[in-house]
Amino acid sequence: MQSFRSLFDLRIQPVFPIVMYSFLILGTVRLVLDGLKSSQSNVFRVYGRPRCGKNKVPLVVLPYDRIDEKCNVFEGTWVWDNVSYPLYEEENCPYLVKQTTCHKNGRPDSFYKNWKWQPGGCKLPRFDPLKLLHMLRDKRMMFIGDSLQRGQFESMICLVQSVIPEGKKSLQRIPPMKIFKAEEFNATIEYYWAPFIVESISDHATNHTVHKRMVSLDSIANHGKHWQGVDILVFESYVWWMHKPMINATYGSPHNVQEYNVTTAYRLALETWANWLESNINPLTQKVFFMSMSPTHLWSWEWKPGSDENCFNESYPIQGSYWGTGSNLEIMNILHDALQELKIDVTMLNITQLSEYRKDAHTSVYGERKGKLLTKEQRANPKSFADCIHWCLPGVPDAWNEILYAYMLKDYQNFS
């Protein structure tokens, strides 16, 4: 028995160090892999993040990151959350324009920043800027529309820019475009000014006015050449159509200007847009979204019967059922029908109802008019000068981007 134990010990002793070294190596590998998951990894700090190519770290989207098919993220309520929200602060995002920086411009309250959109019966995934950037690796994302869409573009930049090191990000202005680049991901987030989507006399990025509208309902090629090959397109067009019920436009001959009912003109413009999509979009490699109308809060009697004000001095969302007269259901139906008839898939993000509740979140008298901040005298007259169309940032457009992000996660193919 003793000789058997001695023989066993002799056989085990040479193997024991090998086993111990194996455990040490496995432990070290585990620590390195865990470290690579962190945005603060020393490996990334010393060697930089992996760029495009064979050595890039693949993004894996897990089931709990994806919204359920049955989840309607557009129905829910705004929940107070001053711990997790806002997702960024305006002073930490250098890419915001003065039109949206309400707190910096003198707004005394900041409650509008601390509301989280909570869908009923399910949850939106927490916005993860690194995951979004991984999904955008070697890709282009473009927001197309008017100044409201520019606000969503700026919101998206602010949501991601904090995780990108200084010197590795840039914003370039090439009218009618703005291009934000994340160098280490070879990714761009872009904005393109096209308030009617189709061509118009308002297509100059800065020299335009809603009071002079003339739209070419069957012309889109000058815009479309900038959209070709873009991986993710996010369209929006509404407010500029609704300035008056009639609009000057051409259809067919560029010299035959006629007055059209806005709903008829909108339908014809969407047909032109749809034809462009079907001729230019590859549904296997490109994704198209359309944002529904952004609501206005121009008349307080709609949520506060008997009053005669607007969104100025509002500090809390509307509670209970509400739909303002500024949101045109006929336009919504036209958009719905146009998307149904398309031969390619376009995802409509119906942000109208959730935004209807947010009478408190507009720039009001704390924004710009004609490129300049309001004067003291103008601020003292909110009934005439309050902007109840555009949104403060941080604010409501961040929720739109949280929903857009959720849909991108839902559609993301692992190891693609």
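These legends go with a set of close-up views of a predicted model.

**View 1. The whole chain, before zooming in.** The protein chain has eleven helices and 17 strands. Of its 416 residues, 50% count as buried. Take the contacts with a separation of 6 or more: 76% of them join residues 24 or more positions apart. On the outside, the accessible surface comes to about 21600 Å², and 54% of that belongs to carbon and sulfur atoms.

**View 2. Helix 6 and its neighbours.** Helix 6 covers residues 262-280, and at 1.5 Å a residue its 19 residues should span 27 Å; the end C-alpha atoms are 27 Å apart, so the two agree. Plenty of its side is tucked away: Val262, Thr263, Ala265, Tyr266, Leu268, Ala269, Leu270, Thr272, Trp273, Ala274, Trp276 and Leu277 are buried. What do these buried residues pack against? Two helices take part, helix 5 (221-227) and helix 7 (329-341), along with strand 9 (232-235), strand 10 (246-250), strand 11 (257-261) and strand 12 (287-291).

**View 3. The largest pocket.** This one has a volume of about 1700 Å³. It is lined by 45 residues, with Gln99, Ser147, Val210, Asp387 and His390 closest to the centre. Elements giving two or more residues to the lining include helix 4 (147-161), strand 4 (169-174), strand 5 (177-182), strand 6 (187-193) and helix 10 (382-385). Strand 17 provides the largest share, four residues. By class, the lining of the pocket is a mix of 20 nonpolar, 14 polar and eleven charged residues.

**View 4. The largest cavity.** The structure holds four cavities of 30 Å³ or more, and the largest has about 90 Å³ of space. Of the 16 residues around it, Tyr85, Lys113, Trp115, Gly395 and Asp398 lie nearest the centre. Strand 2 (115-119) and helix 11 (396-411) each supply at least two lining residues, and helix 11 has the largest share with four. Sorted by class, the lining of this cavity has ten nonpolar, one polar and five charged residues.

**View 5. The second largest cavity.** Here the volume is about 60 Å³. Which residues line the second largest cavity? They are Thr100, Ser147, Leu148, Gly151, His390, Trp391, Leu393, Pro397 and Trp400. Helix 4, strand 17 and helix 11 each supply at least two of the lining residues, with the largest share, three residues, coming from helix 4. There are five nonpolar and four polar residues in this lining, and no charged ones. Ser147 and His390 line this cavity and are also among the residues closest to the centre of the largest pocket.

Note on methods. Residues numbered from 1 in each chain as written. Predicted model: local features only at pLDDT ≥ 70, side-chain atom pairs only at ≥ 80, totals over all residues. Heavy atoms only, no water. Expected span 1.5 Å × (residues − 1). Buried < 20%, exposed > 50% of the residue type's maximum accessible area, 1.4 Å probe, protein only. Contact = heavy atoms within 4.5 Å. 1 Å grid on protein atoms, 1.4 Å probe; cavity = no way out; pocket = protein on both sides within 12 Å on 5 of 7 lines; lining within 4 Å. Points joined across faces, edges and corners; volume = space filled by probe spheres on them. Nonpolar A, V, L, I, M, F, W, Y, C, P; charged D, E, K, R; others polar. Areas by Shrake-Rupley, 256 points an atom, 1.4 Å probe, with all protein chains shown as cover.
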